[in-house]
Amino acid sequence: MVDKTLELFECGHRACGGCGASSAVRMILKGAGENTIVVSPTGCLEVFSTPYPETAWKVPWIHSLFENASAVASGIEASLKRQGRKEKIIIIGGDGATVDIGMLCLSGAFERNHDITYICYDNEAYMNTGIQRSGATPFDASTTTSPAGSCSMGNKHQKKDVPAILAAHGAPYVATATMAYPTDLMKKVETAVNTPGACYIQVHAPCCTGWGFDGSKTIEVGKLAVETGLWVNYEMMNGIVKKAKKVKRKPVEEYLSVQKRFRHLFKPQKNDAEIAKIQAIADANAEKFGIDL
Amino acid sequence: MKEILEGSHAVAEATRLCRPEVIAAYPITPQTHIVEALAQMVADCRLQSEYICVESEFSALSACLGASAAGSRTYSATTSQGLALMFEVCFNVAGMRLPIVMTIANRAMSAPLSIWNDQQDSIALRDSGWIQLYAEDNQEALDLHILAYRVCEDHDILLPAFVCFDGFILTHTYEPVDMPTQEEVDAYLPAFNPYQRLDAKDPISFGMYATPDYYLEFRYENQRAMLRAKDAISKYGALFGEQFGRDYSGLIEGYKLEDAEIALIAMGSICGTIKDAIDEMRADGKKVGLLKIRCYRPFPDEEIASALSHIKTVAVLDKNISLGSKGAVALEVKDALYGSSIDVYDYILGLGGRDIRKKDIKAIVDLAEKGSGDMFYGLREELL
Ligand SMILES: Cc1ncc(C[n+]2csc(CCOP(=O)(O)OP(=O)(O)O)c2C)c(N)n1
Ligand code: SF4
Ligand SMILES: [Mg+2]
């Protein structure tokens, strides 16, 4: 058991007030503990935590590029093995770095099954560069490269299912979590770092700036994602779903209507047909993971 | 001990003697024999290394970056398209001051696709902050790997290095080489002692971002380290000579240059052909010499200027072209000789593996004597 009272991610960094990712990272390090080396790709987290000569990291940390964190971690793991060292290696990277541009390195590292834990903080777009869409942006979300307009409903595609892709690589432990349920998140991180081989956790990390909600509401927004079934918290052991958090589901509208990225679904008038499509995504999730109470 | 080895195997053996702790590489012609040989050594327990079979060159160098930052001596090898895929990582490694050594089996850049030799690939990375050494033959290729680790890992330097040798011309050619013993290499090259490393007992942050208030100074420090590397290469090159009997104290090397009127300047295997051509031209009474550039980065500008002070005409043989400008070696030679009255002519030749023979060298000397240069040499006019 690691000492959860330790603060290994220091306050005083430059994230927006109410940033879901920064809270997630604080919890992730509580779960991983002091004996950890962190690799981060380029993105909000890297930028807000390490403006030279300041750093928020009280564990060893390295950033190389936007798309190579898994490969860098592979090299670190090989080096530690050679040296007989036992630190845990975790990657904490954004969704763009993970599901889009870093996919090649990610796939390679998981195929080789290095003893690493990859944690994607999923704020569902490229936030650092100004809220452009990524492969993890949800259906119909308006971003600066998938804007809603008179002939657009926002992002045309559904989220890429990277947990399933990595489970198909044979990853021994794959999980989803959200910063809105910190105890669950810490527990999953602890499980992952103590499971030999390449493990993956995708963490829902609401971004008040990019999604358009007040920074005091981050936890509420995070919980609504789970309560509507648009985000499912589950664990997969060796490719089989073991546990999915059950909920008394709320209509997706309750999640969508509190975020400006979905405002076009409600204004100038409510678009029931489009909202129904998103409800169908939640229904399919509920069915697939059996989360309905 | 003298052995007859293929160039790639000579380099693989030299690498083994340097005891890299982590190797990550991806196969590409004509580098393949090196990484295959290293894989076999690991499989046979002749080499105690973590060998990571990565899924791309981009990951190969990224994995080396991570391993080096964690405190291991690392090695990779590539060429051409593979090196181009590493472009972003190359700058990053140099900026993070990680002393990685990588073999470049020089090959042309696509398009059109060509697996044959020129030096466009490493030249394209000249601004990336890697030391660049070029070998004339397999003995030199072997030796330069050992030298490179010694230089790069010096705490006053902390830079990565390419050891470049010509694809096929050297990689696939059998030559006798003098292979040092493990004891000899261990006596020359101490175990890797990282300046800093990722370590949970002493946490530091690597690869932070720098605002305009800091970035310029980081680049300046990189440049200063590059310039210090000149002395380090000389120092460790001389030490190499003392220990192994082959002196590499010069960043450049002259051949019959002292009394020459015309100097040829070149890098890599072509220097062997040039030396033979010079011997024949000398027999005909022509005072021709060679200035071989062994170290292209840092560029030995002062060394070149002083070695050529007595020369009237210089012909630079460039196996590369900075399209829209000139050959990269000629550009820098002209810069080094700026203000002198020496005529410098540039010849772009041998691109994509076009063979260069002794008679071509002689023809180039004739052209330079006539004041005709700054041209592609050996074009097939009927195709144009
Ligand atoms: C090769 C490359 N392409 C593009 C960029 C620009 N870039 C930097 S961060 C970023 C987006 C990061 O998105 P994500 O990984 O989701 O992290 P976030 O900022 O959202 O936390 C982009 C596009 C880059 N640094 N490198
Ligand atoms: S833009 Fe979003 S992810 Fe980035 S620091 Fe602000 S709240 Fe956090
Ligand atoms: Mg993101």
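**Entry 1: a residue in a strand**

I count as a strand any DSSP run of E with at least two residues, numbered from the N terminus. With that in hand, I looked up A:Thr36, which sits in strand E1 (residues 36-40) of chain A. I keep in mind that this is a predicted model.

Is A:Thr36 buried or exposed? I find 0% relative accessibility, so A:Thr36 counts as buried. Next I checked what its side chain reaches. The backbone oxygen of A:Gly33 is reached at 2.7 Å, and the backbone oxygen of A:Ala32 lies 3.4 Å from a polar atom of the A:Thr36 side chain. I then set aside the neighbours within four places in sequence and listed the remaining contacts of A:Thr36: A:Val59, A:Pro60, A:Lys88, A:Ile90 and, from the other chain letter, B:Ala200.

**Entry 2: the magnesium ion**

Which protein atoms serve as donors to the magnesium ion (ligand 3)? I noted A:Asp95 through OD, A:Asn123 through OD1 and A:Ala125 through its O, lying 2.0 to 2.1 Å from the ion. Along the chain these donors of ligand 3 follow the spacing D-x27-N-x1-A. A:Asp95 belongs to helix H4 (residues 95-100) of chain A, while A:Asn123 belongs to the loop between strand E4 (117-122) and strand E5 (148-149) of chain A, so the pair ties together parts that are 28 residues apart in sequence. I also checked burial, and both A:Asp95 and A:Asn123 are buried.

**Entry 3: ligand 1**

I moved on to the surroundings of ligand 1, where I have 18 residues on my list. Those that come nearest are A:Gly96, A:Ala97, A:Tyr121, A:Met127 and A:Asn128. Why do I call the site shared? Residues from chains A and B surround ligand 1, so the site is shared between chains.

For the polar contacts, I wrote down these pairs:

- A:Gly96 places a backbone N or O atom 2.8 Å from an oxygen atom of ligand 1.
- A:Ala125 has a polar backbone atom 2.9 Å from an oxygen atom of ligand 1.
- A:Asn123 has a polar side-chain atom 3.1 Å from an oxygen atom of ligand 1.

I was pleased to meet A:Asn123 and A:Ala125 again here, since I had already listed them as donors of the magnesium ion.

**Entry 4: backbone oddities**

Most residues other than glycine have a negative phi, and most peptide bonds are trans. I therefore went looking for exceptions to that habit.

Where do I find a positive phi in a residue other than glycine? A:Glu124 has one, near 65 degrees. A:Glu124 lies in the loop between E4 and E5 of chain A, and I count A:Glu124 as buried because its relative accessible area is 4%. In chain B, B:Asp374 has a positive phi of about 50 degrees although it is not a glycine. I place B:Asp374 in the loop between helix H13 (358-369) and strand E16 (375-376) of chain B. With a relative accessible area of 43%, B:Asp374 is partly exposed.

I also noted cis peptide bonds. One runs from A:Tyr52 to A:Pro53, with omega near 5 degrees, and A:Pro53 lies in the loop between helix H2 (44-49) and strand E2 (61-63) of chain A. Another runs from B:Arg297 to B:Pro298, with omega near -5 degrees. B:Pro298 has its place in the loop between E13 and helix H11 (301-307) of chain B.

**Entry 5: the sheet in chain B**

In chain B I traced an open sheet of seven strands with mixed pairing, in the order E3-E2-E4-E5-E7-E6-E13. Strand E3 (50-53) and strand E13 (295-297) of chain B each have a single partner strand, so one side of each is left without a neighbour in the sheet. From one strand to the next, I get an average twist of 20 degrees.

How many bridges join strand E2 (residues 22-25) of chain B to E3(B)? I have four, and the two strands run parallel. As one bridge, B:Ile23 has B:Tyr51 in E3(B) as its partner. Helix H2 (residues 32-43) of chain B packs on this sheet and touches E2, E3, strand E4 (74-78), strand E5 (101-106) and strand E7 (161-166) of chain B. The direction of that helix makes about 130 degrees with that of E3(B). Last, I looked at the faces of E3(B): B:Glu50 and B:Ile52 are on the covered one, and B:Tyr51 and B:Cys53 on the uncovered one.

Definitions and conventions. Residues numbered from 1 in each chain as written. Chains lettered and ligands numbered in written order. Predicted model: local features only at pLDDT ≥ 70, side-chain atom pairs only at ≥ 80, totals over all residues. Heavy atoms only, no water. Pairing = 2+ DSSP bridges. Axes fitted to C-alpha atoms, helices over the stretch in contact; angles between N-to-C directions. Contact = heavy atoms within 4.5 Å. Donors = N, O, S within 2.8 Å, 3.2 Å for Na, K, Ca; no water. Buried < 20%, exposed > 50% of the residue type's maximum accessible area, 1.4 Å probe, protein only. Near = heavy atom within 4 Å. Polar contact = N/O pair within 3.5 Å; in protein donor to acceptor, adjacent residues only side chain to side chain.
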